[in-house]
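Reader: I would like a close look at a single part of this model, namely the aromatic rings and the contacts they make. Please take me through it with care, giving the geometry wherever it is available.

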Amino acid sequence: MTKSTVERPRVVTREEWLTARREHLNKEKEFTRLRDDLSRQRRELPWVRVEKPYVFDGPEGKETLADLFGGKSQLIVYHFMLGPGWEQGCPSCSFVADHIDGSVIHLAQRDVTLLVVSRAPLSQIQAFQRRMGWRFKWVSSNGNDFNLDYHVSFPKDERAKGDVYYNYRMKKFGSDEAPGASVFFKDPTGDVFHTYSTYERGLDILVGAYNYLDLAPKGRDETDLPHSMAWVRHHDRYASK
């Protein structure tokens, strides 16, 4: 893959650099405060009781949505683009998934279960998971309405009409499956509530590699690409390391 050049800013003395860095630090601190406040507002959003009895196919057999919490009160689901009959999972979703295994044990210490759901049959999911070497829990929603209800799968008749409902608006989408993340809470009585879902750029926060790139001089370096993640490959398909 061709490496682009970076337009080099002016070169200054160490003292001048420190002055500019301190000015930028003030902006970074303000952004951190704004992000903390936005996260607080997210936690204060109203909840919706989940009434539908979703049943998933998982490594341990059939499991309800309540079962997926695994003894925790909070559940985060990543909606991975892998539909029935697909040869492999979405490269961009795989980019996100490469960050999951290391997080699972840490989230469990904070009463959170993190797992992945796709509409492909379980056998198809497990074959791709073996190829990629991931260990996180991944279940199939094939045969239930979970993906449809959380707006990450689009029936062919819906797509044939032109626009589909994704990221809280009607828009054109070039696939039967879409990425997203949904959050649920289970209270002591066993009732389950949907608290949050995010899609598109809202998923950036899950991609640790992007945070590293944002620190680098060239940033994400995606301006001249057909779309933002056009450079991403499955981690076993890059030409070089």
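Author: A word on terms comes before the rings themselves: the rings of Phe, Tyr and Trp, the last represented by its six-membered ring, are taken to pair if their centres lie within 6.5 Å, and planes over 60 degrees apart count as edge-to-face. The model is a predicted one, and a search of the whole structure finds 25 aromatic pairs in it. In one of these, the ring planes of phenylalanine 95 and tyrosine 210 stand at 85° with the centres 5.6 Å apart, and the pair is therefore edge-to-face. Because phenylalanine 95 belongs to helix α2 (residues 91-97) while tyrosine 210 belongs to helix α7 (residues 208-215), this contact ties together parts that are 115 residues apart in sequence. Phenylalanine 95 and tyrosine 210 are both buried. Tyrosine 210 also has a charged neighbour, since arginine 220 lies over the face of its ring, at 4.0 Å from the ring centre.

A further pair is formed by phenylalanine 128 and tryptophan 138, whose ring centres are 6.3 Å apart and whose planes meet at 75°, so this pair is edge-to-face. It links distant parts of the chain, with phenylalanine 128 in helix α4 (residues 122-132) and tryptophan 138 in strand β6 (residues 138-140), 10 residues apart. Both phenylalanine 128 and tryptophan 138 are buried, and they belong to one aromatic cluster together with Tyr78, Phe80, Trp134 and Phe136.

Elsewhere, arginine 42 is placed over the face of tyrosine 196, at 5.2 Å from the ring centre.

Terms used
Residues numbered from 1 in each chain as written. Predicted model: local features only at pLDDT ≥ 70, side-chain atom pairs only at ≥ 80, totals over all residues. Heavy atoms only, no water. Phe/Tyr/Trp six-rings, centres within 6.5 Å; stacked < 30°, edge-to-face > 60°. Helix = DSSP H or I, 4+ residues; strand = E, 2+ residues; numbered from the N terminus. Buried < 20%, exposed > 50% of the residue type's maximum accessible area, 1.4 Å probe, protein only. Lys NZ or Arg CZ within 6 Å of the ring centre and 35° of its normal.
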